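User: I've got a model on screen and I'd like to go through it with you, one question at a time. Ready to take a look?

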Amino acid sequence: MRNGDPDNKSLSGPSWEENIRRVVPYVPGEQPPVKDNIIKLNTNEFPYPPGPGVQKALQSLDADKLRLYPHPDAEPLSSAIADSLGVGRDQVFTGVGSDDVLSIAFLTFFNSGAPVLFPDITYSFYEVWADVYRIPFEKVPLDEGLHIVKEDYFRENGGIVIANPNAPTGISESEDISWFEDIVRNNPSSVVIFDEAYVDFGGCSALPLVNKYDNVLVVRTFSKSRAFAGMRIGFGVGSEKLIRYMKDVKFSINSYTMNRAAIELGLSVLSDEDYFRKTVARVVSTRERTKKELESLGFETTDSKTNFIFCRHKTVPAARLYEELRQEGIYVRYFNRPRIDNYMRITVGTDEEMERLCQFLGSIL
Ligand SMILES: *Cc1c(COP(=O)(O)O)cnc(C)c1O
């Protein structure tokens with residue numbers, strides 16, 4: 001056929017390109033080639049390796065089993081996650097990273113004509129999913145101190161998404177669960193999602209609300225605090241009904257999303273609880289120490305409850321610092337977006353890496 005031939009107008013109707021689903025994709029942090037001298041502090045990965053249980057499980061993976069499809073509900077991992085949190089086994093939806101869980105949740109729950117609400121400064125994937133699924137949304141401004149004003153979410157909407165602690169600000173909204181419950185109580189007609197990718201590093205979890213309200217989804221990941229970004233494991237916790245709706249949508253797209261190796265290794269992560277607590281505590285203490293050093297270099301920082309530091313220098317523009325760090329092989333994240341274009345988001349690495357970062361900044365400031 002000559003349908004693509006531009007000279008043959010009579011056969012060619014409108015171009016196929018007029019009818020594609022056009023989207024502006026999410027841009028993940030750069031993944032430079034792994035080299036000895038590079039310090040990678042730009043995608044909030046964990047600085048320490050997974051624990052000893054994972055090493056052992058990796059060695060005993062059975063290649064023969066790879067002939068078989070994995071369990072469609074990612075069992076026994078989903079049940080192990082449920083048991084570790086003290087929720088029912090039908091209350092967990094396991095996905096290929098929490099991005100997968102969030103994407104399915106957007107597709108499942110946000111179907112009204114009313115706009116889905118989330119902060120103007122938050123995980124930038126939310127608006128990308130809204131866009132690709134043609135979901136109307138409205139970005140609600142954070143206040144001057146980069147805090148969420150919860151009353152702004154007490155109005156008609158098609159759903160609510162709150163990252164807590166928030167990214168890239170690092171701020172956790174409250175130590176009191178009633179702050180979160182207020183948002184849920186005022187929104188009985190929509191699903192409220194709490195994205196808790198960073199909650200293991202500090203901040204208050206909304207998890208207890210899933211047994212009190214059937215319209216709450218709490219989403220977490222193994223990518224940050226569990227040192228498992230490369231394996232892609234995330235999960236959502238909600239009422240049985242809520243989770244069932246998500247599974248219906250998932251099984252309408254791809255039944256076998258979690259591969260066998262990820263399920264096996266994910267189980268072993270849960271067996272490394274001591275290691276998990278110790279290494280997370282180490283990251284938190286490195287965070288606090290680095291914050292003080294950055295402040296002594298003239299940076300202002302937010303009260304981060306995560307594994308990253310959100311900071312701006314009192315006099316030197318972030319874009320310049322970001323570029324100079326990059327030249328030095330130190331990768332941090334810079335967002336050229338309104339209100340935060342003078343901030344850098346710096347993942348908390350090892351003590352040694354943070355020391356090198358601070359020394360270099362000290363040498364150019
Ligand atoms: C990192 C991150 C995610 C996604 O993590 P996965 O690797 O897909 O599990 C989701 N939400 C926020 C706020 C994040 O920072």
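User: Which side chain does the side chain of Asn-42 make a polar contact with?

Analyst: Keep in mind that this is a predicted model. Asn-42 is found in the loop between strand 1 (39-40) and helix 1 (52-59). Its side chain makes a polar contact at 2.8 Å, and the partner is the side chain of Lys-40.

User: Is Asn-42 buried or exposed?

Analyst: Buried means under 20% relative accessible area. Asn-42 has a relative accessible area of 2%, so it counts as buried.

User: What about Asn-44, what is its phi near?

Analyst: Asn-44 is also placed in the loop between strand 1 and helix 1, and it is buried, with a relative accessible area of 1%. Most residues other than glycine have a negative phi. Asn-44 isn't a glycine, yet its phi is positive, near 60 degrees.

User: Where is Ala-74 placed, and what is its phi?

Analyst: Ala-74 sits in the loop between helix 1 and helix 2 (77-85). At 1% relative accessibility, it counts as buried. It is not a glycine, but its phi is positive, at about 55 degrees.

User: Is Tyr-69 buried or exposed?

Analyst: Tyr-69 has its place in the loop between helix 1 and helix 2. The cut-off for exposed is over 50%. With a relative accessible area of 60%, Tyr-69 is therefore exposed.

User: How many Å apart in space are Tyr-69 and Met-258?

Analyst: In sequence, Tyr-69 and Met-258 are 189 residues apart. In space, C-alpha to C-alpha, the distance between Tyr-69 and Met-258 is 9.7 Å.

User: On to the ligand. Where does the ligand sit?

Analyst: The shell around it includes Gly-97, Ser-98, Asp-99, Tyr-123 and Arg-232. By type, the shell residues divide into three nonpolar, four polar and four charged. As for the site, the ligand sits in the largest pocket.

User: Which helix gives the largest share of the shell around the ligand?

Analyst: The largest share is three residues. Those come from a helix spanning residues 97-109, namely helix 3.

User: How many Å is a polar side-chain atom of Thr-221 from an oxygen atom of the ligand?

Analyst: Let's take the neighbours Ser-223 and Lys-224 as well. An N or O atom in the side chain of Ser-223 is 2.6 Å from a ligand oxygen, and for the side chain of Lys-224 the separation is 3.0 Å. For the polar side-chain atom of Thr-221, the distance to a ligand oxygen is 2.5 Å.

User: And after those contacts with Thr-221, Ser-223 and Lys-224, what percentage of the ligand's accessible area does the protein cover?

Analyst: On its own, the ligand has 390 Å² of accessible area. The share of this that the protein covers is 93%.

User: What is omega for the peptide bond from Asn-164 to Pro-165?

Analyst: Pro-165 lies in the loop between strand 5 (159-163) and helix 5 (177-185). Most peptide bonds are trans. The bond from Asn-164 to Pro-165 is cis, with omega near -5 degrees.

User: Which residue does a cis peptide bond join to Ala-167?

Analyst: The partner has its place in the loop between strand 5 and helix 5. Omega of this cis bond is about 5 degrees, and the residue joined to Ala-167 is Pro-168.

Terms used:
Residues are numbered from 1 along each chain as its sequence is written. This is a predicted model: local features need pLDDT of at least 70, side-chain atom pairs count only at pLDDT 80 or more; totals for chains, interfaces and linings use all residues. Side-chain values use heavy atoms; hydrogens and water are left out. A residue is near a molecule or strand if one of its heavy atoms lies within 4 Å of it. A polar contact is a pair of N or O atoms within 3.5 Å; within protein, one must be able to donate a hydrogen and the other to accept it, and residues adjacent in sequence count only if both atoms are side-chain atoms. Accessible areas come from the Shrake-Rupley method with a 1.4 Å probe; for residues, only the protein chains shown count as cover. On a 1 Å grid over the protein atoms alone, a cavity is a set of points where a 1.4 Å probe fits but cannot get out, and a pocket is an open set with protein on both sides within 12 Å along at least five of seven lines; lining residues have an atom within 4 Å of a point. A molecule sits in a cavity or pocket if more than half of its atoms lie within 2 Å of its grid points. Helices (H or I, at least four residues) and strands (E, at least two) are DSSP runs, numbered from the N terminus. Ala, Val, Leu, Ile, Met, Phe, Trp, Tyr, Cys and Pro count as nonpolar, Asp, Glu, Lys and Arg as charged, and the others, Gly among them, as polar. Buried means under 20% relative accessible area, exposed over 50%, partly exposed in between (1.4 Å probe, protein chains only).
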